[in-house]
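Q: Please take a close look at a single part of this model, and set out how its residues are placed and how far they are covered.

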Amino acid sequence: MNYGAIVTDTFKLIWEEKKLWVISAIGLSCSALLSMMYMGSVMGWQMNMMASLPMLSGAITENEMFDWFKRFLLGYMLMLSLFGVLGLLSYIINLIARGALIAEASMAWNDEPVELGRGFRQGLRKAAAFFLLDMLWILPWIVAFFLGLLFIGAVIGVFVGGTASMSGTESPGFFFSLIGSFFLIFGIMLCLGLIYGLFRGVFAPLMYQASAAGDKPLGDAIREGWELARNHLGPMIIVLLLLWAIQLGLSLAIRFFSLPFTWMMMGPWLEMMNNLEQGASPVDIAPMHWLVIFIASVGTGFLFWLWYSLSQTISLTLYARVYQELRATAAQTTPDISDHTPMHTLTK
């Protein structure tokens, strides 16, 4: 497998078939809007909180403080509810877009023009299968999360029970031993998480490709993706490492360009903190500060929208090519793919 040709041809295909990027951008549009709202609301909430704390310390009655806290909690819960609904909507839209992108990338590798309508119809048809595949790969993380909560609860229980039964001179040693055990288990779980991330990165992509590009039922897609990856572990690991390198480069570039917006975002907050430290009376957030927060949130969200959509387009388009290569290899009598030439080349 010619990895260099696959990577360069992927970028060429995305450049020539820009609709592939459009599909990904549509899929992540709601996510971008959500990130803009989140950054702006969090910064505004923090500044309102900082401005309100001095006033709360001098509140006349407890009823006023309770009313303030009730309004704050209600607003916070409403914000979380809105973000939850938008987050679910974002996931559904991108779920369909991922299927559309895979299907149309496969068509593009066969020198067929990309069609948005055809792609989204295929993505909608494969949305249930993609959701089940997502749940299949997310389930271990969910199990690990609840096991982690149980472990933390057990540590707290042992600590509380142990310190209650031990003398004051022995308690510090007991405490540090528990903390050491906690970090040891945390390190083990982190290593297991990295191993699982590598495992998922090797086996999961071809299952999605088999479902959308191969148009296979869920069970057949899982089976074919597993077999192709298992029989070509070396190439799949190399492709995964190449993708990680590409995404790291994109991440560094986008974070560099987002630095001005980050500084804009922090400016009003640092100014308020400085005023409070100097004993200035708290005031509401100035309209100019809200404008700065809005511009910074929109700018940062837009840049990350470009980054996530391009990264997703590169990943799924590249794996569409890899899927075609490995399927062609599997159809041959020899399992050796080291001398296999690319199945498709761009001639446009």
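A: What follows deals with one short helix and the loop before it, and then turns to a second loop for reference. The model is predicted, so local features need pLDDT of at least 70 and side-chain atom pairs count only at pLDDT 80 or more, while totals for chains, interfaces and linings use all residues. Residues are numbered from 1 along each chain as its sequence is written, and side-chain values use heavy atoms, with hydrogens and water left out.

Helix α5 covers residues 116–125 (helices are DSSP runs of H or I, at least four residues, numbered from the N terminus), and within α5 the residues G119, Q122 and G123 are buried, that is, under 20% relative accessible area with a 1.4 Å probe and protein chains only. Seen down the axis of α5, these buried residues fall within an arc of 100°, so they line one face of the helix; the arc is that of the directions from the helix axis to the C-beta atoms. On the other side of α5, R121, L124 and R125 are exposed (over 50%, with partly exposed in between).

Between α4 (62–109) and α5 runs a loop that contains D111. Phi of D111 is near 65°, a positive value in a residue other than glycine, and D111 is partly exposed, at 37% relative accessible area. Most residues other than glycine have a negative phi.

The second loop lies between α7 (171–212) and α8 (218–231) and holds D215. D215, not a glycine, has a positive phi of about 55°, and at 39% relative accessibility D215 counts as partly exposed.

Notes. Helices (H or I, at least four residues) and strands (E, at least two) are DSSP runs, numbered from the N terminus.
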